Amino acid sequence: MMSDAFKAVQVTEKVWWVGAIDWNIRDFHGYMTGRGTSWNAYIVMGDEPILIDAVKKDGLDEMKARIGSVIDPESIQHIVSNHTEMDHSGTLPELVEWLKPKTLFASRNGAKALPMHFDVGMDITAVEDLGSVNLGGSELTFIETRMVHWPDNMFTYYANDGVLFSSDGFGMHLASAERFTDEINPTEIHHESAKYFANILLPFTPQLARVLEKVEGLNLPGQVIASDHGPIWRGGLDRIVGQYSKWCEQEPTTKAVIVFDSMWDSTKAMAASIADGVYGAGAHPHVTSARATHRSDIMTEVLDAGALLVGSCTLNNNIFPSIADLMTYMKGLRPRNLIGAAFGSYGWSGEAVKQLNAILEAMKVDVVHEGIRVKWVPTQEDLAQCRELGEMVGKMLVDTCDGA
Ligand code: FEO
């Protein structure tokens with residue numbers, strides 16, 4: 001028997017949210033989801049009801065209960081799959097078997113990718129970019145949004161109620177019973193949106209900027225952005241679209257992220273002196289330990305920074321493991337428009353700074369200093385040199401931002 005513990009939530013006159021909330025997930029592909037997430041799916045009511053997206057495997061029962069709370073499941077005639085990644089498609093085979101829809105729509109790349117994940121159990125109808133369909137009076141337009149977040153992604157616009165189903169775009173990992181962003185503290189919404197952008201979408205900002213232009217060019221009279229993660233945006237949509245444009249630009253600010261790890265506090269002391277110099281030049285240091293702070297939270301800080309200063313002691317001829325982990329993760333996310341430098345203490349070999357310089361250069365960070373290496377414990381002179389590095393970086397940030 002289907003559970004009656006879960007109810008659908010009305011979004012607009014014809015649209016209902018029927019997803020699943022994952023209160024307990026704490027890791028999503030290396031991203032610490034400290035507040036959980038939701039896997040969103042929606043029903044569009046009408047003469048031919050439509051299911052938009054599915055949920056992750058373990059959310060199936062909850063989703064089925066929410067669907068059953070608002071509609072006779074057998075009346076659902078179509079499914080739209082905006083994204084192949086399995087947090088949104090993993091339950092499609094079970095849903096197809098349960099609902100027996102007439103059509104399953106996906107983008108051209110989605111139609112190729114879905115069968116490479118599982119047997120969906122029916123033919124897939126590939127839709128053209130900007131193609132429209134009228135399904136029993138419901139007007140849908142499909143908008144290809146490649147690399148937001150995979151090559152198969154698309155948005156679906158439901159014209160009747162002005163709802164943009166944006167898949168991974170404009171999402172956030174935030175579990176909440178409140179289903180709308182305007183029901184939640186705006187500071188939390190901004191933070192979780194920024195964290196999601198920095199850790200999921202940042203590598204794809206060139207493609208994302210083109211998608212934003214394309215969507216703006218369509219002049220859709222949108223009232224609601226319904227993404228596949230976290231709460232739904234309604235009203236004030238310009239604000240989040242404008243924020244996305246700003247994040248895509250990654251214009252430098254006067255914030256310098258100083259991230260380090262340290263065995264006997266020597267590199268830690270260097271980080272503190274660099275921060276003092278940054279502040280003395282009128283810029284804004286943000287000091288963080290790579291061992292104490294999760295990589296995904298450090299990335300959130302880097303999103304709106306102008307400088308990245310990385311400190312590592314040398315351990316067995318190498319960068320310290322926490323810093324190596326962070327830099328591998330950060331390199332893949334491709335932050336842009338950063339100046340940077342490396343620093344660190346060592347005992348006898350001291351390779352870490354040189355290795356960090358190579359990583360920073362590979363990341364296309366503008367390395368503005370050869371780096372500071374200190375043998376064993378920094379002297380007052382060493383710390384003064386660190387402060388000078390901070391001042392130099394801080395002044396460069398202030399000059400760049402003043403000239404912008
Ligand atoms: Fe939420 Fe790319 O999946």
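Start by selecting C401 and showing its sulfur. The closest cysteine sulfur belongs to C248 and sits 19 Å off, too far for a bond. A disulfide here means a pair of cysteine sulfur atoms within 2.5 Å. C401 is partly exposed, at 25% relative accessibility; for that scale, buried means under 20% relative accessible area, exposed means over 50%, and partly exposed lies in between, using a 1.4 Å probe and protein chains only.

Before you click on, a word about what you have open: this is a predicted model, where local features need pLDDT of at least 70, side-chain atom pairs count only at pLDDT 80 or more, and totals for chains, interfaces and linings use all residues. Residues are numbered from 1 along each chain as its sequence is written, and side-chain values use heavy atoms, with hydrogens and water left out.

How many disulfides does the structure hold? Zero. Try C313 next: this cysteine is in no disulfide either, and its nearest cysteine sulfur, in C386, is 14 Å away. C313 is buried, with a relative accessible area of 3%.

**Zoom out**

Now show the whole protein as a cartoon. You should find 12 helices and 25 strands. These are DSSP runs numbered from the N terminus: helices are H or I with at least four residues, strands are E with at least two. The C-alpha atoms fill a box of roughly 75 × 45 × 35 Å along the principal axes. Of the 404 residues, 56% count as buried.

Contact, from here on, means heavy atoms within 4.5 Å. Take the contacts between residues at least 6 apart in sequence: 72% of them join residues at least 24 apart.

**Into the core**

In soluble globular proteins, nonpolar side chains tend to be buried together. To look for that, think of a nonpolar core as a set of buried Ala, Val, Leu, Ile, Met, Phe, Trp, Tyr and Cys residues joined through side-chain atoms within 4.5 Å.

Which residues touch the most other members of the largest nonpolar core? Select F170, F197, Y244 and L308, out of 55 residues in that core. Helix α5 (residues 186–201) gives the largest share, seven residues. There is also a second, separate core of 28 residues, with V18, A20, I67 and L114 among them.

Stay with F197 for a moment. Leaving out residues up to four places away in sequence, F197 touches L202, T205, L208, Y244, W247, C248 and L303. You met C248 earlier, as the cysteine whose sulfur is closest to that of C401.

Next, pick Y244, in helix α7 (residues 237–249). Is Y244 buried or exposed? Buried, at 1% relative accessibility. Beyond four places in sequence, the partners of Y244 include F170, F197, Y196 and L212. For a distance to try in your viewer, go from the C-alpha of Y244 to that of A159: they are 85 residues apart in sequence and 23 Å apart in space.

**A cavity**

Rolling a probe the size of a water molecule over the atoms shows where empty space is left. Searching the whole structure gives one cavity of 30 Å³ or more. A cavity is a set of points, on a 1 Å grid over the protein atoms alone, where a 1.4 Å probe fits but cannot get out; lining residues have an atom within 4 Å of a point. The points are joined across faces, edges and corners, and the volume is the space filled by probe spheres set on them.

The largest cavity holds about 30 Å³ of space. Select its lining: F28, E85, D87, H149, D168, H173, Y196, I200 and H229. They divide into three nonpolar, three polar and three charged. In that split, Ala, Val, Leu, Ile, Met, Phe, Trp, Tyr, Cys and Pro count as nonpolar, Asp, Glu, Lys and Arg as charged, and the others, Gly among them, as polar. Y196 is also one of the residues touching Y244.

**Loop stops**

Click on I25, in the loop between β3 (20–22) and β4 (27–28). I25 is buried, with 11% relative accessible area. Beyond four places in sequence, I25 contacts T33, G36, T37, W39 and K56.

Finish with two backbone angles. R334, in the loop between α10 (321–333) and β23 (339–346), has a phi near 55°, a positive value in a residue other than glycine. W376 sits in the loop between β25 (372–375) and α12 (380–403), and its phi is positive too, near 60°.

How values were computed
On a 1 Å grid over the protein atoms alone, a cavity is a set of points where a 1.4 Å probe fits but cannot get out, and a pocket is an open set with protein on both sides within 12 Å along at least five of seven lines; lining residues have an atom within 4 Å of a point.
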